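These are my notebook entries on a single protein chain. I set down what I looked up, topic by topic.

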Amino acid sequence: MSSNIVVVGSCMIDFTCYSSRLPKPGETICGNKFQIKYGGKGANQCVAAAKLGASTALVASLGSDSFAQDYLEILKKENVNASYIQIQKDKHSGVAHITVAENGENCIVIVPGANDSLSSEHVITSAELIKNATVLLCQFETPLDATLHALRIHKGHGLSIVNGAPAVENVDPEIFELCDIFCVNETEAEVITGVQPLTLSNAQEAIDILLSKGCNFVILTLGPLGAVYASQSDTKITQISATKVQPIDTTGAGDAFLGSLAYFKAYHPSLPTSECIRRACEIATKSVLKTGTQESFPTKEDLPQELFS
């Protein structure tokens, strides 16, 4: 069974604390709620696309623990093909420790666990699946060697999107060159380009650096300000604005954006990329109005039908 969108990436178990504000270094504060959720950039982006009705598959690694079994059930319920997920013996599943403040800000510490075992060999065993994908979507939350192998296998077979998150300072330039779209947020762009602090006023400078590193098409997401993009053929940035809302929880908004972008690229190939970005911004904005990650992602039924015409 072929999947139109194949995600090579991470699965994380999210341990989330909610508090009035984020603690300062060395400070202990009292929170008001705790939840165990299922996340990870790879799985989140995959579920975001699946919720819009995409046929998706996830190439990932989980640990030999009860969280892994629960996660496989969740993915099945979301209609994600999880048959390419490997269970790693003697490893725990990846975990993320998340604190969410009342104003929607968050801070996250991740321990990759089994995600570090996502290898080039694992990717090679999924070669047919990857080759047949209309869109391949990767991130930096799993070993970059596996990402590079996936991009090499997929080259010439469809469109590839790489989300440079979490940020890595020295990225193999081949990753930039092989992917069709490279997408980062402000924080990630600061680490990769050295342009700090990154704002809308110096976004052009950051994108110029990414294009000089070999990127074909760059999207820089700017939270409530939407996104800017540029490409090798048109290096001047264009801004796509987002609707202003009062966020409840911004965790996973970037994943909602990327999963939606992959969906529009796979299922509405005649839409200009600028329009795909605009629609993905709209879906990401909708996701910040609910708490959590995957459960905050809207389904096709939750959204205006003109987004799909």
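Which residue in strand 7 does T16 stand opposite? I note first that the model is predicted. I looked up the pairing and found that T16 stands opposite I98.

**Entry on the sheet.** I then traced the strands on either side of this pair. Strand 2 (12-19) and strand 7 (94-101) run parallel and are joined by 8 bridges. They belong to an open sheet of 4 strands with the order 3-2-7-8 and mixed pairing. Strand 3 (33-39) and strand 8 are the edge strands, each paired on one side only. I record an average twist of 20° from one strand to the next. Helix 2, residues 66-77, lies across strand 2 and strand 3, and runs at about 70° to strand 3.

**Entry on the cavity.** I asked how many cavities of 30 Å³ or more are counted. The count is 1, and I noted a volume of about 40 Å³ for the largest cavity. Its lining consists of D14, T16, Y18, K37, I98, D249, T251, G292 and T293. T16 and I98, the pair from my opening question, are thus both listed in this lining. Strand 2 gives the most to the lining, with 3 residues. By class, I recorded 2 nonpolar, 4 polar and 3 charged residues.

**Entry on the pocket.** I next looked up the largest pocket, which holds about 1300 Å³ of space. Its lining has 49 residues, and N106, N185, T250, A253 and G254 lie nearest the centre. I sorted the lining by class and obtained 24 nonpolar, 17 polar and 8 charged residues. Which helix supplies the largest share of the lining? I found that helix 9 does, with 5 residues. Among the other elements that each supply at least two residues are strand 2, strand 7, strand 8 (106-111), helix 1 (41-51) and helix 10 (273-287).

**Entry on helix 5.** Finally, I examined helix 5, which spans residues 144-154. Its buried residues are A146, T147, L148, A150, L151, I153 and H154. I checked what these residues pack against, and listed the strands separately from the helices. The strands are strand 1 (5-8), strand 9 (135-139) and strand 10 (159-163). The helices are helix 3 (120-125), helix 4 (127-131) and helix 6 (173-178). After helix 5 comes G156, for which I noted a positive phi, near 85°.

Notes: Residues are numbered from 1 along each chain as its sequence is written. This is a predicted model: local features need pLDDT of at least 70, side-chain atom pairs count only at pLDDT 80 or more; totals for chains, interfaces and linings use all residues. Side-chain values use heavy atoms; hydrogens and water are left out. On a 1 Å grid over the protein atoms alone, a cavity is a set of points where a 1.4 Å probe fits but cannot get out, and a pocket is an open set with protein on both sides within 12 Å along at least five of seven lines; lining residues have an atom within 4 Å of a point. Grid points are joined across faces, edges and corners, and a volume is the space filled by probe spheres set on the points. Ala, Val, Leu, Ile, Met, Phe, Trp, Tyr, Cys and Pro count as nonpolar, Asp, Glu, Lys and Arg as charged, and the others, Gly among them, as polar. Two strands pair if DSSP finds at least two bridges between them. Axes are lines fitted to C-alpha atoms, for helices over the stretch in contact, and angles run from 0 to 180 degrees between N-to-C directions. Contact means heavy atoms within 4.5 Å. Buried means under 20% relative accessible area, exposed over 50%, partly exposed in between (1.4 Å probe, protein chains only).
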